[in-house]
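Q: Can you walk me through this one? I'd like to start with the packing and then go to the surface.

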Amino acid sequence: MKAIKKQILLKIACIAFVLVSSLSYSQKTNTEKTTNRDGFIFEFVVGGGIISLEDSSGIQTFDKSQGTFVFPDLKLGYMLNYRLAITISIPGNIYEFQDNDRNFAGFIPSLQYWIKDKWWIHGGFGLVIDSPALYDIKDNVNDNWNYGHAVMFSTGYEIYKKKNFALNVQSNLVMGRANLVGDTNRDAILFNVGLGFSWL
């Protein structure tokens, strides 16, 4: 049953990536640069998604996914050329675990590449942090911070651009593992859809 749930989640993510890709290719080819892309990049995203978690201790399994809201979801970077940027991405979701709110987030060095003038792909590998939500820290109940590693892939399409500002629709897939106490771990798959506000 775990494998079936995981396969369904991955298929949904693949379908979303295909839809975003189709939107970008269906647009008229235009080689004119409509945005100046140079220097530093800053982006924040608002949106929602789903998260599926599994503890090796068996407390929680992939059988049950939950809806989440995106927090935080930030991107900082620098344009190496008109199409390629080096970034630090901070994706994250708030989720519920044993009646407490927690945050599964990452700190991921990554690259972003504009395949077309409005369509980009973005991916990287880095640190994951599983921590209490800052508003829900309870001593000896919900105060543990766990670290591990994660891989991230996202794609987006800029629906509005003016000078150095761009508004985009994007989807983001993050898979990570946080190490818990007692040689156990927590695996998570996050899939988000959101609206990105970029300055570049």
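A: What follows covers the cores, one residue in a strand and a surface patch. This is a predicted model, where local features need pLDDT of at least 70, side-chain atom pairs count only at pLDDT 80 or more, and totals for chains, interfaces and linings use all residues. Residues are numbered from 1 along each chain as its sequence is written, and side-chain values use heavy atoms, with hydrogens and water left out.

Q: OK, how many residues are in the largest nonpolar core?
A: That core has 13 residues, and Ile51, Leu53, Tyr95, Phe104, Ala188 and Leu190 have the most contacts inside it. A nonpolar core here is a set of buried Ala, Val, Leu, Ile, Met, Phe, Trp, Tyr and Cys residues joined through side-chain atoms within 4.5 Å.

Q: Any other core?
A: Another one, of 6 residues, lies apart from it, and includes Ile41, Ala85, Trp120 and Leu200.

Q: What does Ile51 touch?
A: Leaving out residues up to four places away in sequence, Ile51 touches Ser65, Gln66, Thr68, Tyr95, Phe104, Ala188, Ile189 and Leu190. Contact means heavy atoms within 4.5 Å.

Q: Switching to Ser89: buried or exposed?
A: Ser89 is buried, at a relative accessible area of 3% (buried is under 20%, exposed over 50%, partly exposed in between, with a 1.4 Å probe and protein chains only).

Q: And where is Ser89 found?
A: In strand S4, residues 84-90 (strands are DSSP runs of E, at least two residues, numbered from the N terminus).

Q: Last one, Trp145: where is that?
A: Trp145 is in the loop between strands S7 (119-132) and S8 (146-162), and counts as partly exposed at 43% relative accessibility.

Terms used:
Helices (H or I, at least four residues) and strands (E, at least two) are DSSP runs, numbered from the N terminus.
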